[in-house]
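Work through the exercises below with the sequence and the 3D structure in view. Try each task before reading its solution.

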Amino acid sequence: MSTTSPSPVSPSDGGGLPFKLVATDLDGTLLSSSETVSARTRAALATATAAGALHIIVTGRSATWARPVFDEIGYRGIAVCGQGAQVYDAGAHKLLTSLTLDRRVAALAIEKIEAEVGTLAIAANQDGLEGDVLAGPGYRLQIGSELPVVQVAANELLAAPISKLYIQHRELGDDALAEAARTVAGDLVGVVMAGAGVVELLPLGLSKATGLAVAARRLGVTAADTIAFGDMPNDVPMFGWARHGVAMANAHRELLAVADEVTLSNDEDGVAAVLERLFPAL
């Protein structure tokens, strides 16, 4: 896929920087298909931060699932995890904010969705830094490798506080399942498609944009200071919040439709290609 011509970018209101905040999704964006960050991308981020910009990772992964990646790439800043539910200090390994999904609401949403489409395979992300991801009967993790999942009976999924649910259907594709869930339960929960086999139910009103706004206030920057990179429909709210949204060439069509710019794929150092243009090495 060819890249689009970027919209003109003028410096933000201070320091002559084009952007003060670089917000990157993780899977499918910052990470390659082999779940690594290339030397080129690391160098481009280092150049941007040396120039005075801040880098923040904004991921659908919970802090528990994101921490191994943060450790591997040496990320020590604030991160937005769990689709915005958690603002996490990676250096201190400390949650700064954490939101939960009301379990009664979650149960009602599942009931309404199953009444519409039939039996779901469900997983639950428990709240907190030590919270497990519990997988009920039939649920198969399809994102990341070697992420810890605990197999449990269906009646154990909601036994403790949760941040979100994951749902799968044996016949419906991800887009169709997300649309069906949104139609019948969208007044109860937020519904996002975050990757292959990853349709999530969230606290109503929660998004990457709400979490990023909270983190940005802590960092002393604004939406007008921000460039955001992503690849999936769960990144749409973040693009709506940030001044400039860059979709990867491998992005879902919903995100491509609202992007200000399309860069190369995550396997072609698409994040680096844009940052090298905006923050040239001295």
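**Exercise 1.** Find how strand β4 and β5 pair, and over how many bridges.

*Solution.* Step 1: locate strand β4 at residues 86–89 and β5 at 94–98. Strands here are DSSP runs of E with at least two residues, and helices are runs of H or I with at least four residues, numbered from the N terminus. Step 2: apply the rule that two strands pair if DSSP finds at least two bridges between them. β4 and β5 have four bridges, in the antiparallel sense. Step 3: pick one position; V87 lies opposite T97 of β5.

The model is predicted: local features need pLDDT of at least 70, side-chain atom pairs count only at pLDDT 80 or more, and totals for chains, interfaces and linings use all residues. Residues are numbered from 1 along each chain as its sequence is written, and side-chain values use heavy atoms, leaving out hydrogens and water.

**Exercise 2.** Place β5 in its sheet and name the edge strands.

*Solution.* Step 1: recall that strands of a sheet pair through backbone hydrogen bonds, either parallel or antiparallel. Step 2: write the order of this open sheet of eight strands, β5-β4-β3-β2-β1-β12-β13-β14, in which the pairing is mixed. Step 3: read off the edges, β5 and β14 (261–262), each of which pairs on one side only.

**Exercise 3.** Which strands pair with β6?

*Solution.* Step 1: β6 pairs with strand β9 (residues 162–168) over six bridges, antiparallel. I122 has I167 of β9 as its bridge partner. Step 2: β6 also pairs with strand β7 (residues 133–135), antiparallel, over three bridges. Here A123 is bridged to A135. Step 3: examine the link between β6 and β7, a hairpin with six residues between the strands. In its turn, G128 has a positive phi of about 95°.

**Exercise 4.** Are the two faces of β6 buried or exposed?

*Solution.* Step 1: fix the terms: buried means under 20% relative accessible area, exposed over 50%, and partly exposed in between (1.4 Å probe, protein chains only). Step 2: check one side, where A121, A123 and N125 are buried. Step 3: check the other, where I122, A124 and Q126 are buried too. Step 4: conclude that six of the six residues of β6 (121–126) are buried, so the strand is largely enclosed by the rest of the structure.

**Exercise 5.** What percentage of the 282 residues of the protein chain counts as buried?

*Solution.* By the cut-off already given, 52% of the residues are buried. The chain holds nine helices and 14 strands.
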